[in-house]
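The following exercises concern salt bridges and strand pairing. Please study the sequence and the structure before reading each solution.

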Amino acid sequence: MAAEQKSEESHQKTIVNSWNEWDPLKHVIVGRADDCHIPPLEPAVECKVPNDSDMKGKWGRRPQESIDNGNAQLDNFAEILRKRGIRVDRPTPLDFSRPVNSPDFDTQSMFGCMPPRDVIATVGNEMIEATMSYRCRWFEYLCYRPLLERYFKEDPNMRWEAAPKPRLTDRSYKKDYLSRIMTIEDRLKLTAAKDFVTTEEEPLFDAAELARMGKDIVVQHGFTANLAGIDWLRRHFPDFRIHAMNFPGDPYPIHIDCTFVPLRPGLLFNNPNRKALPEHKKLFEINGWEIIEAAQPAHENPPPLCYSSVWLSMNVLVLDPKTVCVEASEVYQMEQLDKLGFEVIPVPFRDAYPFGGGLHCATTDVYREGSCEDYFPKQVEGF
Ligand code: NVA
């Protein structure tokens, strides 16, 4: 990057402010693949790894070559954003080979710091560290502490919050959950019945379960957010309307951003295999929002050693209501967004997928212009 541009960026005033997924992006955190580990099995991770996954039975540090390739694409993405005048910060990796021990549990390694979206949610002028729901991710917030400490010093209006750290004892997970799962059909029956691996022992949520739309925030109820976590968010954000949604077509309901993706006011993508329930769609319909099915992914399989599905195709990062970053090989997704009137920026990112997801996962907003708007003046009782 030109020295001139860098110094201009570092002089940009720090403002923490982001109310939705589409207002003009000015400052963002982009993750890193450094030292990323495949964590050993634990109750919440085990049910996420598909039966036929190449990750079954593997754990330990990921191969250096794949870390280098992932980092090259993350660095390139950061550079694309910088060139568009967006300030980019990066997390500080820990030694992820270290075990995580607490009075309540032990696990043999951590995970990594590629997907900041999972850990930190920005809601208005607040950045909140999520509880998280995997034991291996208990300390991941520490990777973002140098940044959050800095934002707190530099922006006198920033609110820095941390949700209660969970205990994650065996009581937080259903003991026999996996033994009931034999096939994808079995999984789908369980998720349709809102029977997920986590119990209601304590509030749990990953930050990537939130989809922010001004005064209204949708939170996916699934493997990594329970009802107690959603209740905690409701009480924590009394001025917002928090809506719990579940998507019966998803056998691995983890993180909302391959399922239900706001694009701009009045428009959002829904994964055609994980259709929103009619009683949940109503809020959008009565307020004139269009829910459209995302285009099919361009790939039949995710890259090797990847947790996520091919639907990372719809894990896009909106830069402003007319501009969107899409993974460069996702030709159908790019075409669909182009037809919807967006300028599409292709970003090669499949080498970064195994480290925790796509372009939305790999980022967390710090500053988007704009303020808190009410996009849903008509509400649906009980939702
Ligand atoms: N559960 C999602 C990953 C979200 C980033 C999927 O694999 O489709």
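**Exercise 1.** Determine which parts of the chain are tied together by the salt bridge between Arg-167 and Asp-104.

*Solution.* The model under study is a predicted one.
Step 1. The side chains of Arg-167 and Asp-104 form a salt bridge, with an N to O distance of 2.8 Å.
Step 2. Arg-167 belongs to the loop between strand S9 (159–162) and helix H6 (184–192), while Asp-104 belongs to the loop between strand S5 (100–101) and strand S6 (106–107); the pair therefore ties together parts that are 63 residues apart in sequence.
Step 3. Partly exposed residues have a relative accessibility between 20% and 50%. Arg-167, at 48%, is therefore partly exposed, and Asp-104, at 26%, is likewise partly exposed.

**Exercise 2.** Classify Asp-89 and Arg-87 as buried or exposed.

*Solution.*
Step 1. A salt bridge links the side chains of Asp-89 and Arg-87, at 3.9 Å from N to O.
Step 2. A residue counts as buried under 20% relative accessible area.
Step 3. Asp-89 has a relative accessibility of 9%, so Asp-89 is buried. Arg-87 has a value of 2%, so Arg-87 is buried.

**Exercise 3.** Establish where the partners Asp-374 and Arg-241 lie in the chain.

*Solution.*
Step 1. Asp-374 and Arg-241 form a salt bridge in which the closest N and O atoms are 2.6 Å apart.
Step 2. Asp-374 is found in the segment after strand S19 (363–368), and Arg-241 in strand S12 (residues 241–245); the pair therefore ties together parts that are 133 residues apart in sequence.
Step 3. With a relative accessibility of 36%, Asp-374 counts as partly exposed.
Step 4. Elsewhere, Glu-21, Arg-117, Arg-212, Asp-365 and Arg-368 are joined into one network by salt bridges that share partners. In total, the structure holds 28 salt bridges.

**Exercise 4.** Describe the open sheet that contains S7, S8 and S9.

*Solution.*
Step 1. This open sheet has 3 strands in the order S7-S8-S9, and their pairing is mixed.
Step 2. Strand S7 (120–123) and S9 are the edge strands, as each pairs on one side only.
Step 3. On average, neighbouring strands of the sheet are turned by 20 degrees against each other, direction ignored.
Step 4. S7 and strand S8 (residues 126–129) run antiparallel and are joined by 4 bridges. As for individual residues, Thr-122 has Met-127 in S8 as its bridge partner.

Methods
Residues are numbered from 1 along each chain as its sequence is written. This is a predicted model: local features need pLDDT of at least 70, side-chain atom pairs count only at pLDDT 80 or more; totals for chains, interfaces and linings use all residues. Side-chain values use heavy atoms; hydrogens and water are left out. A salt bridge is a side-chain nitrogen of Lys or Arg within 4 Å of a carboxyl oxygen of Asp or Glu. Buried means under 20% relative accessible area, exposed over 50%, partly exposed in between (1.4 Å probe, protein chains only). Helices (H or I, at least four residues) and strands (E, at least two) are DSSP runs, numbered from the N terminus. Two strands pair if DSSP finds at least two bridges between them. Axes are lines fitted to C-alpha atoms, for helices over the stretch in contact, and angles run from 0 to 180 degrees between N-to-C directions.
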